[in-house]
Amino acid sequence: MEGTSELKTIRGRMMLGYGIVILGVVLILGVLFVGTVRQYYYGSATQALSERAAVSARFYGQYLDEYSLGDQSRYIFENEITEDFTRVEVIDLYGNLVIDSYGLPPGKKTPTPDIQAALKGSAETWMGIDPDTKERILALSQPLMQDSRMIGILRYTTSIKRVDEVLNKITGAAIGVGLAVVCLSLLVSWLMARRIVSPIGELTTVAKYMAGGDFSRKAEKRYDDEVGHLADTLNYMAEEIVRNEKLKNEFISSVSHELRTPLTSIKGWSETLLSGGLEEKEETKLGLGVITKETDRLIGLVEDLLDFSKLQSGGMGIRCGLVDINRLVEEIGEQFIASGNRHKLNIEVELGEGPLELTADRNRLKQVMVNLLDNAIKFTPEGGTIRLTTAREEEEVRIQVEDTGEGIQAENIKRVTEKFFKGTTRYPGSGLGLSICKEIVQLHKGRMGISSVFGQGTIVTIWLPLH
């Protein structure tokens, strides 16, 4: 329920964010559109009145300059064309009405801003409610000049009722379109949010099943996007968990068997020696030898488990000092000559020129090479050769263990350094040796590579930095 609530919250936040952005964009565009339309209509009406008033004022001032304001007013009244519903007024310098095309009585004052501005000598427009007709009008007042002096005001007014009606319709249409765009955008946003959130909900459900131990459920990959990659990752994680669980079970089974075998031998020989006494020296010597050998096997297995535990917990440290790799490899080679002779194997040691010194943990490096040589001896048949070499490659030291043993199958080469992996080998072991070797090499900032040809032999190479 918490996951579902959270998903709903994510979906709500996405829709809210998209809605705010879309609403803001629609509002800005709507205001700009309506403002542009209003400017166009009102600007056109204002320009028409302005041009007409300017032409008339210039004409009357030029050709009727000998007439008084009253005579000019009568001439204007008789000659102005008013079929376009434009009202014409003549006002004296005191703001009193001289004559009006609507027939209003003279002497009336209309103290609108356009008249006040015209009395100061500048043409001005004004929009507002006409006190006589109660309509919204557009008025323009133009000074009447005579011999460079103002004698009155010529005022044109026109009703803008129809313009307002047209603008209201356009504004209403713009609001309707804006609302439709917002609704459509919110619908698309909801669909997009659902497309994103729904797969996340499915992944959450699958993850809950996996958390409960049911790894048979697989996340469905709907789209090749980030959520799809998350589904692939979740499925890969489940596969890895199942594989590691299988390896763990195999490891437990293998370790149980590895522990039982030497313990059975130790117990059997112990009982034999106790029941038979110690008079038979040969039998006693044989039994003690078996017990010693099996005890060593147990110690090696326990040490592998301890090292693995330290690596897993990050508790394996290295104590670094100056190490001469040539001397270390030569020492290990001499140590394994006897073991090679027992298995009828030829062990060769080839050292690189000069001392190959580096800062490392000598005991841990020795552990790695001993493990590699043990593996080489274990998997190399009688008459085979094991070659241990060192060399310097630029700023690295290369250590190589090469054998002519049975090799590794191609499909298993990349997995032999994985924890618990034993492949199809018939030899006992924990499956941790190469994994521990690789971890130790990496702790020294080095790397380990394995190449092999099945049936011909294996080469394990270690590169360690000199500095």
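Start by selecting α7 and α8 in this predicted model: the two helices pack at an angle of about 40 degrees, with their axes 11 Å apart. Their crossing is right-handed.

Now show the side chains where they meet. On the α7 side, pick Ile325, Leu328, Val329, Glu331, Ile332, Gln335, Phe336 and Ser339. Facing them from α8 are Arg362, Leu365, Lys366, Met369, Val370, Leu373, Asp374 and Ile377. Colour this contact by residue type and you'll get ten nonpolar, two polar and four charged residues.

Keep α8 on screen and add α9. How do the axes of these two helices cross? At roughly 150 degrees, coming within 10 Å, and this crossing is left-handed. The α8 residues to select here are Arg364, Gln367, Val368, Asn371, Leu372 and Asn375. From α9, add Gly433, Leu434, Ile436, Cys437, Ile440 and Val441. The mix in this contact is seven nonpolar, four polar and one charged.

Next stop: the largest nonpolar core, with 39 residues. Select Ile325, Leu358, Leu365, Ile386, Ile399 and Ile462, the ones that touch the most other members. To see what surrounds them, highlight the elements that give two or more residues to this core: the helices α7 (325–342), α8 (362–379) and α9 (433–443), along with the strands β8 (357–360), β9 (385–393), β10 (396–403), β11 (447–453) and β12 (457–465). Which element gives the largest share? That's α8, with eight residues. In soluble globular proteins, nonpolar side chains tend to be buried together.

Zoom in on Leu358. Leaving aside neighbours within four places in sequence, Leu358 is in contact with Gly321, Leu322, Val323, Ile325, Leu365, Val397, Leu464, Pro465 and Leu466. You have already picked Ile325 and Leu365 as core residues.

Then move off to another core, which lies apart from the largest one and has 16 residues. Val37, Ile99, Leu138 and Leu140 are among them, so select those four to find the place.

Finally, zoom out to the whole chain. Its secondary structure comes to nine helices and twelve strands. Of its 467 residues, 37% count as buried. Try a surface view too: the chain exposes about 27,800 Å², and carbon and sulfur atoms supply 57% of that. Last, turn on contacts between residues at least 6 apart in sequence; 63% of them join residues at least 24 apart.

Key
Residues are numbered from 1 along each chain as its sequence is written. This is a predicted model: local features need pLDDT of at least 70, side-chain atom pairs count only at pLDDT 80 or more; totals for chains, interfaces and linings use all residues. Side-chain values use heavy atoms; hydrogens and water are left out. Helices (H or I, at least four residues) and strands (E, at least two) are DSSP runs, numbered from the N terminus. Buried means under 20% relative accessible area, exposed over 50%, partly exposed in between (1.4 Å probe, protein chains only). Contact means heavy atoms within 4.5 Å. Accessible areas come from the Shrake-Rupley method with a 1.4 Å probe; for residues, only the protein chains shown count as cover. A nonpolar core is a set of buried Ala, Val, Leu, Ile, Met, Phe, Trp, Tyr and Cys residues joined through side-chain atoms within 4.5 Å. Axes are lines fitted to C-alpha atoms, for helices over the stretch in contact, and angles run from 0 to 180 degrees between N-to-C directions. A crossing is left-handed if the near helix is turned anticlockwise from the far one by less than a right angle, and right-handed if clockwise. Ala, Val, Leu, Ile, Met, Phe, Trp, Tyr, Cys and Pro count as nonpolar, Asp, Glu, Lys and Arg as charged, and the others, Gly among them, as polar.
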